[in-house]
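This report describes selected features of one molecular model for a reader who wishes to relate them to the coordinates.

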Amino acid sequence: MRQWLYQFLNKHPRLYSFLYALQHFAEEMVFSLHRASVRARLRICDPLSIPLRLPLVGTNVTTRCTLRCKDCANLIPLFPCPQHIPAEEIITDFEHLLAAVDFIKEVSLIGGEPMMHPDLCGILQYFFEQPKVGRVSIQTNGTILPSPKLLQLLRHTKAFVIVSGYGAAVSKNLERLVALLRKEGIAHFYLKDILWFDFGATAPHARTAAKNRALFRKCHNNRCRNLSFGEFHLCARAINAVQLGLTPRHEGAYVDIRRAPAKETRLALLRLLSKPDPYFCDTCEGRHIASPRVTAAIQISERK
Ligand code: SF4
């Protein structure tokens, strides 16, 4: 039934796009209400009795990519030594996170290009086996065709592939990949003819805390919670900006997932999620209704 539904939806991309956006919007609305209630309940009851179900958590499985995009939202072309994150590191970090939360609706494997990761099958298998994870999505740029082993795994009911279509000149295997996913009945979503947002330069703006909070509130990326490099941040771009040294690392604006036992981590996550201090938005213009749009995936030359 589920595969039939995905096959039907993939034949009607506009309907699928609408339903997908609607589902995420609804989940995030529920989560926003939850955040407001957490703020109130943190003052009056045992924090460990407050439920903690996260709608979406991304993780950077690699900073290597087959493309080098000028306006990459995740700043990947700026990494001087791109590398795959070892599967053991990703799994250990999620063991800590899953011990501290009740459920994660969707874990999103991002990069770079996740299909380049040599242990992608092992990483997927791990997430499929976790009862606290509802769905596992892979965001791919359509340049790599999955191996037969990966294709087999992607038939899993928790698997979901999001294909970003940047046109045949950039996404070399786009049409073949989409046809293959369709043929195999693999749940996928093809983002066709997309435009990107211009996040602006990464230089500090020296905004006030109130202005950064206002930017964070209206930025669509404020839902891109991400656990990578042992740290849980509220934005995938911010986590990479911190890694690259473009944004300072502030206590209280992220959770060090490796440092504390599960109960303390849970409390730290509740505090972070209910009352964020988005100082990291200072090196960004955000992604919101008034942001300028740019052509997606304009390629820049290799670093010399
Ligand atoms: S404005 Fe803040 S939340 Fe939005 S992308 Fe930039 S750093 Fe992330």
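The paragraphs below take up the ligand shell, two helices and one strand residue.

This is a predicted model, in which local features need pLDDT of at least 70 and side-chain atom pairs count only at pLDDT 80 or more, whereas totals for chains, interfaces and linings use all residues. Residues are numbered from 1 along each chain as its sequence is written.

The ligand is surrounded by 15 residues, the closest being C219, C235, C281, C284 and G286; a residue is near a molecule if its C-beta atom, placed from the backbone, lies within 6 Å of it. Two or more residues of this shell come from each of α7 (209-218) and α8 (236-243), where helices (H or I, at least four residues) and strands (E, at least two) are DSSP runs numbered from the N terminus. Ala, Val, Leu, Ile, Met, Phe, Trp, Tyr, Cys and Pro count as nonpolar, Asp, Glu, Lys and Arg as charged, and the others, Gly among them, as polar. The two residue sets classified in this way are listed here.

| Set | Nonpolar | Polar | Charged |
|---|---|---|---|
| Shell around the ligand | ten residues | three residues | two residues |
| Contact of α3 with α9 | four residues | two residues | one residue |

Helix α8 is largely enclosed by the rest of the structure, because seven of its eight residues are buried, namely A236, R237, A238, I239, N240, A241 and V242. A residue is buried if 20 or more other C-beta atoms, placed from the backbone, lie within 10 Å of its own. The buried residues of α8 pack against β1 (53-60), β2 (103-110), β7 (226-228) and β8 (231-233), and just after α8, G245 takes a positive phi of about 75 degrees.

Helix α3 (residues 87-100) packs with α9 at an angle of about 75 degrees, the axes being 8 Å apart, where axes are lines fitted to C-alpha atoms over the stretch in contact and angles run from 0 to 180 degrees between N-to-C directions. The two helices α3 and α9 are therefore roughly perpendicular to each other, a term that covers angles of 65 to 115 degrees. In this packing, H96, A99 and A100 of α3 meet A262, T265, R266 and L269 of α9, contact requiring C-beta atoms, placed from the backbone, within 7 Å. The buried residues of α9 are T265, R266, A268, L269 and L270.

V161 lies in strand β4 (residues 159-164) and counts as buried because it has 22 C-beta neighbours inside 10 Å. Leaving aside residues up to four places away in sequence, V161 touches I138, T140, L154, L181, I186 and H188.

Conventions:
A residue is buried if 20 or more other C-beta atoms lie within 10 Å of its own, exposed if 12 or fewer, and partly exposed in between; C-beta atoms are placed from the backbone. Angles under 35 degrees count as roughly parallel, over 145 as roughly antiparallel, 65 to 115 as roughly perpendicular and the rest as oblique. Two residues are in contact if their C-beta atoms, placed from the backbone, lie within 7 Å.
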